[in-house]
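Student: I have just opened this model for the first time. Could you walk me through it, one question at a time?

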Amino acid sequence: MTHPQPDLTPDDWSRICDALRYQGRDLHHRSFAVTAERRQLLWAEMDRCLELADRLSSAQLAPAD
């Protein structure tokens with residue numbers, strides 16, 4: 001299923017990527033105050049946030065077809 005891409009400016013996409021990266025850093029910071037089991041969950045979510053930010057950044061840099 002393909003979802004329509006929202007009409008966002010390059011600045012909007014940049015803000016979204018920055019917010020995802022910030023969220024990833026926040027999850028990493030919080031992971032030091034929890035149990036090892038919870039830490040693994042936070043790190044997995046952090047990795048997903050950072051991966052999505054990278055994918056969105058790459059998609060914005062790719063030339064339009």
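Tutor: Gladly! This is a predicted model, and we can begin on the outer side of a helix: D11, R15, Y22, R25 and H29 are exposed on the other side of α1, away from its buried residues.

Student: Which residues of α1 are buried, and on how many sides of the helix do they lie?

Tutor: The buried residues of α1 are W13, C17, L20, G24 and L27. They cover an arc of only 85 degrees around the axis, so they lie on the same side of α1. As a general point, an α-helix has 3.6 residues a turn, so residues three or four places apart point the same way. For α1, then, the buried set W13, C17, L20, G24 and L27 sits on the same side.

Student: How many helices and how many strands does the chain have?

Tutor: One helix of the core, α1, runs over residues 10–30, and α2 covers 36–61. The count for the chain is 2 helices and 0 strands.

Student: How far apart are the end C-alpha atoms of α1, and what span should its residues give?

Tutor: Take the 21 residues of α1 at 1.5 Å a residue, and the helix should span 30 Å. The distance between its end C-alpha atoms agrees with that, at 30 Å.

Student: And how far apart are the end C-alpha atoms of α2?

Tutor: With 26 residues at 1.5 Å a residue, α2 should span 38 Å. Its end C-alpha atoms agree with this expected span, being separated by 37 Å.

Student: What do the buried residues of α2 pack against?

Tutor: In α2, the buried residues are L42, M46, C49, A53 and L56. Looking from the other helix, the cover over the buried residues of α1 includes α2. The buried residues of α2, in turn, pack against α1.

Student: Which helix gives the most residues to the largest nonpolar core?

Tutor: This core has 9 residues: W13, C17, L20, L27, L42, M46, C49, A53 and L56. Both α1 and α2 supply at least two of them. With 5 residues, the helix that gives the most is α2.

Student: Is C49 buried or exposed?

Tutor: Leaving out residues up to four places away in sequence, C49 touches L20, Q23, G24 and L27. The relative accessible area of C49 is 8%, and a residue counts as buried under 20%. So C49 is buried.

Student: C17 is a cysteine of that core too; how many disulfides are there?

Tutor: A disulfide is a covalent bond between the sulfur atoms of two cysteines. C17 is buried, with a relative accessible area of 4%. Still, with a cut-off of 2.5 Å between sulfur atoms, the number of disulfides is 0.

Student: Where does Q23 sit, and how far is its C-alpha atom from that of L50?

Tutor: Q23 is found in helix α1 and is partly exposed, with a relative accessible area of 31%. Beyond four places in sequence, Q23 touches R30 and C49. Although Q23 and L50 are 27 residues apart along the chain, their C-alpha atoms are separated by 8.5 Å.

Student: What percentage of the chain's residues are buried?

Tutor: The accessible surface of the chain comes to about 5,400 Å², and 56% of that belongs to carbon and sulfur atoms. Of the 65 residues in the chain, the buried ones make up 17%.

Note on methods. Residues numbered from 1 in each chain as written. Predicted model: local features only at pLDDT ≥ 70, side-chain atom pairs only at ≥ 80, totals over all residues. Heavy atoms only, no water. Core = buried A, V, L, I, M, F, W, Y, C linked by side-chain atoms within 4.5 Å. Buried < 20%, exposed > 50% of the residue type's maximum accessible area, 1.4 Å probe, protein only. Helix = DSSP H or I, 4+ residues; strand = E, 2+ residues; numbered from the N terminus. Contact = heavy atoms within 4.5 Å. Areas by Shrake-Rupley, 256 points an atom, 1.4 Å probe, with all protein chains shown as cover. Expected span 1.5 Å × (residues − 1). Arc of directions from axis to C-beta.
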